[in-house]
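Colleague: Hi! Could you walk me through this model, one piece at a time?

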Amino acid sequence: MAHQHDIRFLLNGEEKRISDVKATLTLLDYLRLDQRLTGSKEGCAEGDCGACTVLVGRLHKCSLRYETVNACIRFLASLNGCHIVTIEHLSGPQGRLHPVQQAMVEYHGSQCGFCTPGFVMSLYALWMGNPEPSVQEVETAIQGNLCRCTGYEPIVRAAMAVTHYGSPAHDHLTRERADVTARLMALQPKTRIVTGPEEDRAILPADVADLAQVLAESPEATLVAGSTDVGLWVTKFMRPISPVVFLTHLEGLKTIELSDESLTLGAGVTYSESEAAIRDAFPHLKDYWDRIAGWQVRNMGTIGGNIANGSPIGDTPPVLIALGAEVLLQSIRGTRILPLEEFFLAYGKQDRQPGDFVAAIHIPRSRPGQIDAAYKISKRRDEDISSVAVGISVTIKGDVITAARLAYGGMAATPKRATGAEAALVGQPFTAATFDTAAEALKGDFTPLSDWRASADYRITVAANLLRRFYLEQSSPADAPVRLAIA
Ligand SMILES: Cc1cc2nc3c(=O)[nH]c(=O)nc-3n(C[C@H](O)[C@H](O)[C@H](O)COP(=O)(O)OP(=O)(O)OC[C@H]3O[C@@H](n4cnc5c(N)ncnc54)[C@H](O)[C@@H]3O)c2cc1C
Ligand code: FES
Ligand code: FES
């Protein structure tokens with residue numbers, strides 16, 4: 001079958017069909033340089049500041065969902081069949097301000113104004129889904145937006161007041177929903193898309209079977225899911241990555257299967273798409289999930305990408321390893337299933353054979369007697385990478401620990417289990433003394449590095465303290481006399 005060679009999408013109210021789209025053309029460059037839609041700003045070009053925030057509407061099982069994304073690290077070619085909504089689309093007849101913009105003006109939410117379009121787009125997404133948010137919900141909504149001028153308080157007050165200036169029921173994205181859905185349906189590709197020059201080629205496989213075929217033909221291709229890592233290879237390191245195989249549109253990688261026994265997440269499931277299932281199956285991960293980046297990155301970044309990148313400081317591997325997760329690797333040859341810890345071979349080296357892609361992650365649910373916890377230590381609470389992260393799963397029968405899985409990030413060249421500390425726990429009573437012994441054993445498990453995030457001393461001290469914290473949280477105050485060491 002012939003391939004499609006153009007990328008089709010809606011930009012605000014207009015349908016676009018563009019041929020020969022370079023794989024590394026970012027949405028922000030397309031908007032600002034090509035379309036002269038300069039409302040979205042470039043602050044950092046690495047997904048950190050939120051000045052470039054736009055909304056992307058996409059169909060999932062025929063239902064239209066709008067999410068904030070960072071246009072600076074999102075590639076245009078990945079947006080086939082989507083609706084891109086920029087700040088320019090918000091103004092009403094004769095340039096009338098949108099309720100979110102009106103509230104920002106009335107509450108002095110803008111000073112120099114550089115961050116303002118990004119904040120407005122984040123608050124727009126919040127107001128559409130939740131017109132009367134709590135302060136905490138506003139703070140979560142703007143986790144991924146930085147402002148150097150206002151001190152945030154006027155922005156939070158503006159966000160709380162938007163509902164006085166208008167209702168989402170009257171917003172044009174609400175009124176035009178059925179029409180936009182029909183237009184996007186018509187833009188969904190029927191075949192593989194191949195576009196861009198050979199040195200910057202973009203490929204969008206037709207489905208998961210076609211992905212396996214594409215990788216059999218081009219095993220050297222760069223896979224790109226949410227592009228929250230790969231985007232920076234391009235904008236910061238100018239790395240050539242052609243040919244690029246985009247994955248975000250593949251429904252077959254977006255399955256979420258929750259049963260009494262397990263949760264299986266397709267590799268293309270984003271942090272925000274997985275949030276409800278994670279909260280249901282593993283309530284201890286709720287706060288941990290909220291601390292991964294900000295909404296824009298959580299709306300783009302995938303679990304598969306976080307695993308496949310092999311980073312020693314990715315947030316999901318430690319907690320998933322502690323829960324006993326398995327990774328499903330697929331290729332034209334079939335499927336391989338590995339315990340997740342065995343996927344990480346060495347720094348930057350994963351057990352991925354040519355043509356393999358991460359298809360899913362399978363996580364068993366906790367058994368009776370199993371206590372789970374997850375902790376993340378970073379310099380900033382929000383939108384920051386971990387210095388140390390840990391997943392802890394301990395099973396207790398009577399007073400005795402019968403099983404323990406402790407997996408740390410930031411302590412070694414890969415996410416890694418603390419086998420010495422685990423051995424110090426198993427068969428022992430659930431007491432402060434047991435956890436003190438296990439905390440000491442961590443010194444034999446890890447020889448962490450010092451870098452600008454944290455010193456080796458800090459890392460080893462904090463890793464031990466997190467184990468003691470787990471004990472303190474799980475025991476009654478009366479029998480918790482352990483003392484935390486100070487780095
Ligand atoms: C501002 C900002 C904040 C961040 N904060 C955090 C944080 O708090 N915690 C954290 O852990 N990470 C954080 N990250 C990093 C990033 O968001 C995550 O690692 C994310 O999960 C990567 O997923 P992705 O879909 O964007 O991957 P991509 O960037 O698309 O790809 C990442 C790597 O995985 C490969 N890949 C992707 N999908 C597959 C697949 N299915 N099979 C095989 N290979 C694949 C790609 O080839 C590439 O090597 C942050 C990033 C940014 C920009
Ligand atoms: S320009 Fe800073 S997040 Fe995009
Ligand atoms: S108003 Fe100046 S950066 Fe926010």
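Modeller: Happy to; we can talk about a sheet, a helix, some empty spaces and a few unusual backbone spots.

Modeller: This is a predicted model, where local features need pLDDT of at least 70, side-chain atom pairs count only at pLDDT 80 or more, and totals for chains, interfaces and linings use all residues. Residues are numbered from 1 along each chain as its sequence is written, chains are lettered from A and ligands numbered from 1 in the order in which they are written, and side-chain values use heavy atoms, with hydrogens and water left out.

Colleague: Thanks! What is the order of the strands in the open sheet of four?

Modeller: The order is β17-β18-β19-β20, with antiparallel pairing. Strands here are DSSP runs of E with at least two residues, helices are runs of H or I with at least four, and both are numbered from the N terminus. Two strands pair if DSSP finds at least two bridges between them.

Colleague: And which are the edge strands?

Modeller: Those are β17 (370-377) and β20 (416-417), each pairing on one side only.

Colleague: How many bridges join β18 to β19?

Modeller: Nine bridges join β18 (residues 388-397) to β19 (residues 400-409), and the two run antiparallel. For example, Ala389 has Gly409 as its bridge partner in β19, and Val394 has Ala404. On the other side, β17 and β18 pair over eight bridges, also in the antiparallel sense, and Ile377 is partnered by Val388 of β18.

Colleague: Is β18 mostly covered or exposed?

Modeller: Mostly covered: nine of its ten residues are buried. Buried means under 20% relative accessible area, exposed means over 50%, and partly exposed is in between, using a 1.4 Å probe on protein chains only.

Colleague: What takes a positive phi in the hairpin of β18 and β19?

Modeller: Gly398 does, near 65 degrees, and that hairpin has two residues between the strands. Another hairpin joins β12 to β13 through two residues. There, six bridges link β12 (residues 326-331) with β13 (residues 334-339), running antiparallel, and Leu328 has Ile337 as its partner in β13.

Colleague: New topic: where is Gly294?

Modeller: Gly294 is in the loop between α11 and α12. Gly294 is buried, with a relative accessible area of 0%. Leaving out residues up to four places away in sequence, Gly294 touches Gln143, Gly144 and Glu383, where contact means heavy atoms within 4.5 Å.

Colleague: Which residues of helix α5 are buried?

Modeller: In α5 (residues 153-161) they are Pro154, Ile155, Val156, Ala158, Ala159 and Ala161. These buried residues pack against α2 (99-106), α3 and α4.

Colleague: Now the empty spaces. What volume does the largest cavity have?

Modeller: About 30 Å³. The search uses a 1 Å grid over the protein atoms alone: a cavity is a set of points where a 1.4 Å probe fits but cannot get out, a pocket is an open set with protein on both sides within 12 Å along at least five of seven lines, and lining residues have an atom within 4 Å of a point. Grid points are joined across faces, edges and corners, and a volume is the space filled by probe spheres set on the points.

Colleague: What lines the largest cavity?

Modeller: Leu123, Leu126, Trp127, Asn130, Pro131, Pro133, Ala159 and Val162 do. Helix α3 gives the most to that lining, with three residues.

Colleague: And how many residues line the second largest pocket?

Modeller: The lining has 27 residues, with Ala125, Leu126, Gly129, Asn130 and Trp295 nearest the centre. The volume of this second largest pocket is about 750 Å³.

Colleague: Last one: where does a cis peptide bond turn up?

Modeller: From Ser242 to Pro243, with omega near -10 degrees. Pro243 lies in the loop between α9 (230-235) and β9 (244-246). Most residues other than glycine have a negative phi, and most peptide bonds are trans.

Colleague: So which residues other than glycine have a positive phi?

Modeller: One of them is Arg36, with phi near 55 degrees, in the loop between α1 (27-34) and β3 (53-60). Arg36 is exposed, with a relative accessible area of 58%. Cys62 also has a positive phi, of about 70 degrees, and is found in the loop between β3 and β4. Cys62 counts as exposed too, at 52% relative accessibility.
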